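Visitor: I would like a close look at one place where two helices pack against each other, and then at how the surroundings are built. Could you take me through it slowly?

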Amino acid sequence: MENFTHTARFILICNYSSKIIDPIQSRCAVFRFKSLAEKDMGTFIDRIVTGEKLKIDESATKALTELPEGDLRKIANLLQASASVDKKITGDTIYDVASQAKPKDVRQMLELVLKGNFKEARKKLSEMILNQGLAGEDIIKEIHRQVYDLDISDENKVKLVDKIGEYDFRISEGGTDLIQLEALLTQFLLLSKK
Amino acid sequence: MIIMPWTEKYTPQKVSEVAGQKKAVEKFLFWFKSWEPGKKAALFFGPAGVGKTCLVEALVKEKNIQIIELNASDYRTASQIKEVIGQSMKQMSLFKKSKLFLIDEIDGIAGREDRGGATELIKIIKESQHPVVLTANNPYDSKLRSLRSYCQLIPFTKVYYWDLIKRLVYICEKEGLKCDKEVLRNLAKRSEGDLRSAINDLESLAGVKKEIKLTDLEVLGEREKETSIFDALKMIFKTSTALAAKLSIQSVDKDADEIFWWIEQNIINEYEKPEEIARAYEMLSRADLFKNRIKINQDWKFKKYMIDLMTAGVALSKKEMYRKFSRYEYPDKIKFLGSTKFERKEEKERLLELSKQLHCSTKKIRKDFIPYLKVLSQ
């Protein structure tokens with residue numbers, strides 16, 4: 001870089017500045033790109049929606065800002081894939097296309113089991129796995145995401161995270177999705193308020 | 001007009017202009033005056049951007065010496081180095097009084113596995129008719145071990161805060177730039193003693209403007225807002241909210257593995273009741289399990305469980321907050337790993353060599369063979 005300062009400027013791009021050694025960093029002006037705010041993602045989604053003349057409802061916008069975790073490229077991909085399914089895009093379309101568990105379903109399931117209604121929760125679970133064809137790992141990911149919002153003590157949240165991790169491990173060791181998730185739900189059942 | 005980057009435009013023209021580094025300058029001048037063929041080379045070492053190369057270049061300009069510069073990261077092997085320096089080291093300079101070799105960033109040079117770059121350097125130092133200066137970030141690198149005894153080590157420190165400010169103010173004046181004092185202070189602080197990066201930051205802030213305000217700093221990112229590991233530890237040990245503990249480490253610029261050891265080290269500096277300590281360690285033990293599952297299965301999905309358990313888990317191991325000030329320590333484990341890095345690497349190389357010859361795993365060699373070899377060699 002130093003040899004060619006008279007003729008060229010260099011722009012280096014990386015994910016983590018801490019992974020770039022000091023001698024290089026010292027020769028650069030460092031610009032940090034923050035992850036995008038929801039508002040910015042909204043603008044981006046709007047641009048595509050108007051450009052492609054799509055119809056999209058509020059739940060879809062919400063899903064698009066939540067699922068890709070600030071990754072605009074992922075938003076564009078998801079939106080394009082969803083548009084090829086249906087010109088009218090809803091939140092459900094997005095989750096279907098991304099083959100992710102719908103937060104709403106998982107939320108319902110967890111609330112049911114915490115109320116002590118294991119039977120209905122189990123039904124919900126098999127609906128997701130058998131009918132929607134979701135992978136156990138994707139459901140468990142969503143469960144983990146939601147634990148912190150549940151109406152239980154923080155101590156129990158920690159206990160549950162430990163259990164969730166354990167059953168996640170069992171699934172990747174070859175356990176059957178349905179069985180492992182049912183077993184995990186019973187751990188929630190133990191905390192149900194009767 | 002060629003636009004020169006400020007780091008180059010304002011590079012010191014005289015030795016006295018070099019910011020800070022009084023001791024290094026003194027040592028270097030003494031070495032330079034007393035140098036004669038056959039004597040040791042000078043090895044400058046210290047962090048990036050503190051003036052190692054600048055000092056040599058300033059001396060050369062001041063005394064009208066011809067400089068032959070090569071960057072060891074570009075010329076790594078013996079033959080490449082020879083090509084550039086080879087004959088030149090025995091000849092006199094054609095146009096100037098004398099000559100000096102500067103070999104930059106010798107950390108980048110290859111050790112024995114890459115065709116003898118270091119050995120060639122030693123040869124040059126021994127035979128050269130002109131002084132040789134080497135620079136490095138870390139002179140204690142194993143590749144440079146043999147080279148070190150042919151060099152006089154001259155340490156460079158980080159540039160002090162006030163020296164940084166002085167230099168930045170000087171540049172502002174020269175550029176006719178109006179700059180908020182607070183901005184300069186901020187630039188100096190975030191550069192952590194790296195003058196070059198401070199100047200780079202100043203230049204990119206200036207852009208085409210003639211005035212810099214505090215609000216302009218935002219484009220440079222928020223390095224100063226990053227929480228330190230100590231703040232994160234405090235959060236974990238004092239809070240009783242799972243989510244707060246979990247989020248505390250998000251903006252710490254260390255990876256989860258390292259933070260794990262920080263927490264491990266400091267549980268006993270905070271918690272006092274046996275049952276709480278036991279519960280905290282139980283949580284760490286679970287986190288550790290997930291940590292290794294990441295490694296064994298090569299599956300990063302387990303990382304979230306590791307993090308949750310080591311932060312929220314440890315946080316909720318206490319019944320209530322300790323109202324006291326706790327001094328948090330640097331983890332022993334990381335200290336140990338740092339100090340034995342070199343030996344461990346050597347041992348690993350030896351074991352790998354043996355495992356090739358003996359057709360078994362390094363683990364087996366360590367367990368079954370090494371003890372016997374030790375007895376045999378006594």
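Guide: In this predicted model, the place to begin is in chain B, where helix 7 (residues 161-175) and helix 9 (residues 195-206) pack at an angle of about 35 degrees, their axes lying 11 Å apart. The crossing of these two helices of chain B is right-handed. On the side of helix 7 of chain B, the contact is made by L164(B), R167(B), L168(B), I171(B) and C172(B), and these meet L195(B), A198(B), I199(B) and L202(B) of helix 9 of chain B. Sorted by character, the residues of this contact comprise 8 nonpolar, no polar and 1 charged.

Nonpolar side chains also bring us to the cores of the model. In soluble globular proteins, nonpolar side chains tend to be buried together. The largest nonpolar core here has 64 residues, and the members that touch the most others are M109(A), I139(A), I143(A), F188(A), I263(B), M310(B) and V314(B). Helix 14 of chain B (residues 303-315) gives the most to this core, with 8 residues. A second, separate core holds 45 residues, including A19(B), W35(B), L55(B) and F156(B). To return to one member of the largest core, I143(A) is in contact with V106(A), M109(A), L110(A), I164(A), L181(A), L184(A) and F188(A), once its neighbours within four places in sequence are left aside.

Chain A, to which I143(A) belongs, has 10 helices and 2 strands, and from the N terminus its elements follow the order α-α-β-α-α-β-α-α-α-α-α-α. Of its 194 residues, 40% are buried, and among the contacts in chain A with a separation of 6 or more, 62% join residues 24 or more positions apart. The accessible surface of chain A comes to about 11600 Å², with 51% of that belonging to carbon and sulfur atoms.

Two loop residues deserve a careful look for their backbone angles. Most residues other than glycine have a negative phi. S99(A), however, has a positive phi of about 40 degrees although it is not a glycine, and S99(A) is found in the loop between helix 5 (91-97) and helix 6 (103-114) of chain A. With a relative accessibility of 40%, S99(A) counts as partly exposed. In chain B, H359(B) likewise has a positive phi, near 55 degrees, in a residue other than glycine, and H359(B) is found in the loop between helix 16 (341-358) and helix 17 (362-377) of chain B. H359(B) is exposed, because its relative accessible area is 69%.

Notes: Residues numbered from 1 in each chain as written. Chains lettered and ligands numbered in written order. Predicted model: local features only at pLDDT ≥ 70, side-chain atom pairs only at ≥ 80, totals over all residues. Heavy atoms only, no water. Axes fitted to C-alpha atoms, helices over the stretch in contact; angles between N-to-C directions. Helix = DSSP H or I, 4+ residues; strand = E, 2+ residues; numbered from the N terminus. Left-handed = near helix turned anticlockwise from the far one by under 90°. Contact = heavy atoms within 4.5 Å. Nonpolar A, V, L, I, M, F, W, Y, C, P; charged D, E, K, R; others polar. Buried < 20%, exposed > 50% of the residue type's maximum accessible area, 1.4 Å probe, protein only. Areas by Shrake-Rupley, 256 points an atom, 1.4 Å probe, with all protein chains shown as cover. Core = buried A, V, L, I, M, F, W, Y, C linked by side-chain atoms within 4.5 Å.
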